[in-house]
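Visitor: I'd like to learn how to read a structure like this one, feature by feature. Could you walk me through it?

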Amino acid sequence: KDLIQGNTEKRNSANSNVLFPNPAQNKATLSIALKENSGVTVNVYNIIGRLVKSVKAEGQQGENYINIDLNNLSSGIYMVSVKVGDAASTKKLIIQ
């Protein structure tokens, strides 16, 4: 991939995140690095696309850890959408 430099470097990215453990049981943690303070929204969707959990946090510049309580969710495959400003990414999460 080509590396694009310039103004985009200063923006927060929703792609620089890690969701662990995966597979998860009672909780998962999102690790996300932010270039500046920003609101972070984490939405968890079931396999048919229904929103089943939403977590909002105010992230600080640097590494942030956001805990996601999974206790009320059944075993299965979920999609986790991470939004930072107008940037978004989606990851698959398996709950055992």
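## Reading the model together

Guide: Let's start with alanine 87, which is partly exposed at 25% relative accessibility. This is a predicted model, and alanine 87 belongs to strand S7, residues 87–95.

Visitor: Why does alanine 87 count as partly exposed?

Guide: The partly exposed class sits between under 20%, which is buried, and over 50%, which is exposed. Alanine 87 comes out at 25%, so the label is partly exposed.

Visitor: Which residue is 74 positions away from alanine 87 along the chain, with its C-alpha 6.0 Å off?

Guide: That's serine 13.

Visitor: How far should I trust the model overall?

Guide: Look at the predictor's confidence. The average pLDDT of the chain is 88, and 86% of the residues score at least 70. Residues 1–10 have a pLDDT below 50, and beyond near neighbours in sequence that stretch has four contacts in the model.

Visitor: What about the fold? How many helices and strands are there?

Guide: Zero helices and seven strands. Read from the N terminus, the order is β-β-β-β-β-β-β.

Visitor: And how do I read the contacts and burial for the chain as a whole?

Guide: Check how far apart the contacting residues are along the sequence. Among contacts with a separation of 6 or more, 56% come from residues 24 or more positions apart. As for burial, 34% of the 96 residues count as buried. The accessible surface is about 6300 Å², and carbon and sulfur atoms own 47% of that.

Visitor: Let's zoom in on asparagine 17. Is it buried or exposed?

Guide: Buried, because its relative accessibility is 7% and the buried class means under 20%. Asparagine 17 is in strand S1, residues 17–20.

Visitor: What does the side chain of asparagine 17 make a polar contact with?

Guide: The side chain of serine 89, at 3.2 Å. Leaving out residues up to four places away in sequence, asparagine 17 touches Leu30, Ser31, Ile32, Val82, Ser89 and Lys91.

Visitor: How should I read peptide bond geometry?

Guide: Most peptide bonds are trans, so a cis one deserves a look. Here phenylalanine 20 and proline 21 are joined by a cis bond, with omega about -15 degrees. Asparagine 22 and proline 23 are also linked in cis, with omega about 10 degrees.

Visitor: Where are proline 21 and proline 23?

Guide: Proline 21 is in the loop between S1 and S2, and proline 23 is in the loop between S1 and S2 as well.

Visitor: Which residues make up the nonpolar patch on the surface?

Guide: Ile47, Ile48, Ile77, Met79 and Ile94, with about 480 Å² of accessible area together. Take methionine 79, found in strand S6, residues 76–84. Patch members need over 30% relative accessible area, and methionine 79 has 32%, so it is partly exposed.

Visitor: One last residue: where does lysine 35 lie?

Guide: In the loop between strand S2 (27–34) and strand S3 (38–45). Its relative accessible area is 44%, so lysine 35 is partly exposed.

Visitor: How far apart in space are lysine 35 and glycine 62?

Guide: Their C-alpha atoms are 6.2 Å apart, while 27 residues separate the pair in sequence.

Methods
Residues are numbered from 1 along each chain as its sequence is written. This is a predicted model: local features need pLDDT of at least 70, side-chain atom pairs count only at pLDDT 80 or more; totals for chains, interfaces and linings use all residues. Side-chain values use heavy atoms; hydrogens and water are left out. pLDDT is the predictor's confidence in each residue, from 0 to 100. Contact means heavy atoms within 4.5 Å. Helices (H or I, at least four residues) and strands (E, at least two) are DSSP runs, numbered from the N terminus. Buried means under 20% relative accessible area, exposed over 50%, partly exposed in between (1.4 Å probe, protein chains only). Patches are made of residues with over 30% relative accessible area and no salt bridge: like charges are joined within 9 Å, nonpolar side chains (Val, Leu, Ile, Met, Phe, Trp, Tyr) within 5 Å. Accessible areas come from the Shrake-Rupley method with a 1.4 Å probe; for residues, only the protein chains shown count as cover. A salt bridge is a side-chain nitrogen of Lys or Arg within 4 Å of a carboxyl oxygen of Asp or Glu. A polar contact is a pair of N or O atoms within 3.5 Å; within protein, one must be able to donate a hydrogen and the other to accept it, and residues adjacent in sequence count only if both atoms are side-chain atoms.
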